Amino acid sequence: MDHAMHHHTGGAPGATWPTAIRATLHCLLGCAVGEILGMVIGTALLWGNVPTMILAIGLAFVFGYSFTLFAVVRAGVSPKAAVKIALAADTVSIAVMELVDNAIIALTPGAMDAQLSEGLFWYALLGGFAVAFLVTTPVNKWMIGRGKGHAVVHAHH
C-alpha cells in the first residue's frame, strides 16, 4: 500500500471499521457476561451499589480477558504468552467499555437502586452497553491502526 493510500484510509492495513466492530463486539461479549453476572450476584445478595459494581467490573475484566486468552491458546500460543497477549489486546478496550457503561448506569436516575425484576435495571444496563459499544469502536479502530489492541491478537490467528 503506498503512503497516500495508507494516509487516506486512516490507519494500517486491517484497521478497518469492520475489524474494529468485530473487536469491539468480542470485548462487549466478555464485558456483558461478566458485568451482568456481577450485577445479578450483587443484587441477589442485596449488596450495596459499590461492592456490586466492583464485582461486576472485576468480572467484566475476567471474562473479557478469558475470551481472548482461550482463543489465543486454541491457536497454539503458550498460556504464559497468551496472558500477555490478552492483557495487551483487551485492557484499554475493556476499560473504556466499563467506564462508559458504568457512567451511563450511574447517571440514569433510579438505575443504581433498581432490582433485577425491574425494566429500568435492564434498560440502563443494555443502554449503557450500546453507548459503550459506540464509544469503544473508534478507540479499537485507532489502536488496531497502530498495531495495538486486537491487532496483537490477529497476529496469532
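Long-range contacts dominate the count in this predicted model. Residues 24 or more positions apart account for 71% of the contacts in the protein chain with a separation of 6 or more. The secondary structure comes to six helices and zero strands. From the N terminus on, the elements run α-α-α-α-α-α. Of the 157 residues of the chain, 39% count as buried.

Helix 2 covers residues 17-44. Its 28 residues reach 39 Å from the first C-alpha to the last. That span is close to the 40 Å expected at 1.5 Å a residue. Just after helix 2, the backbone of Leu46 takes a positive phi of about 60 degrees. Leu46 is not a glycine. Most residues other than glycine have a negative phi. Leu46 has its place in the loop between helix 2 and helix 3, the latter comprising residues 49-74. With a relative accessible area of 71%, Leu46 is exposed.

Helix 4, residues 79-107, packs against helix 2. The two axes come within 10 Å and cross at roughly 50 degrees. Helix 2 is therefore oblique to helix 4. The crossing is right-handed. On the helix 2 side, the contact involves Thr24, Cys27, Leu28, Cys31, Glu35 and Met39. These residues meet Ser93, Ile94, Met97, Glu98, Asp101, Asn102 and Ile105 of helix 4. By class, the contact has seven nonpolar, three polar and three charged residues. An α-helix has 3.6 residues a turn, so residues three or four places apart point the same way.

Helix 4 also meets helix 3. Here the axes come within 8 Å and cross at roughly 140 degrees. This angle makes helix 3 oblique to helix 4, because only angles over 145 degrees count as roughly antiparallel. The crossing of helix 3 and helix 4 is right-handed. Helix 3 contributes Met53, Ile57, Ala60, Phe61, Gly64, Tyr65, Thr68, Leu69, Val72 and Val73. Their partners in helix 4 are Pro79, Ala82, Val83, Ile85, Ala86, Leu87, Asp90, Thr91, Ile94, Ala95, Glu98 and Asn102. By class, this contact has 16 nonpolar, four polar and two charged residues. Ile94, Glu98 and Asn102 of helix 4 appear in the contact with helix 2 and in the contact with helix 3.

Ala95 and Ala60 both take part in the contact between helix 3 and helix 4. Ala95 lies in helix 4. The two residues are 35 residues apart in sequence. In space, their C-alpha atoms are 9.4 Å apart. Ala95 counts as partly exposed, at 33% relative accessibility.

Beyond helix 4, Ala111 is found in the loop that leads to helix 5, residues 119-145. Ala111 counts as buried, at 7% relative accessibility. Leaving aside neighbours within four places in sequence, Ala111 is in contact with Ile105, Leu120 and Ala124. Of these, Ile105 also belongs to the helix 4 side of the contact with helix 2. Tyr123 is twelve residues from Ala111 along the chain. The C-alpha atoms of Ala111 and Tyr123 are separated by 8.6 Å.

The two loop residues described here thus fall into opposite classes, because the cut-offs are under 20% for buried and over 50% for exposed. Ala111 is buried, whereas Leu46 is exposed.

Note on methods:
Residues numbered from 1 in each chain as written. Predicted model: local features only at pLDDT ≥ 70, side-chain atom pairs only at ≥ 80, totals over all residues. Heavy atoms only, no water. Axes fitted to C-alpha atoms, helices over the stretch in contact; angles between N-to-C directions. Helix = DSSP H or I, 4+ residues; strand = E, 2+ residues; numbered from the N terminus. Parallel < 35°, antiparallel > 145°, perpendicular 65-115°, else oblique. Left-handed = near helix turned anticlockwise from the far one by under 90°. Contact = heavy atoms within 4.5 Å. Nonpolar A, V, L, I, M, F, W, Y, C, P; charged D, E, K, R; others polar. Buried < 20%, exposed > 50% of the residue type's maximum accessible area, 1.4 Å probe, protein only. Expected span 1.5 Å × (residues − 1).
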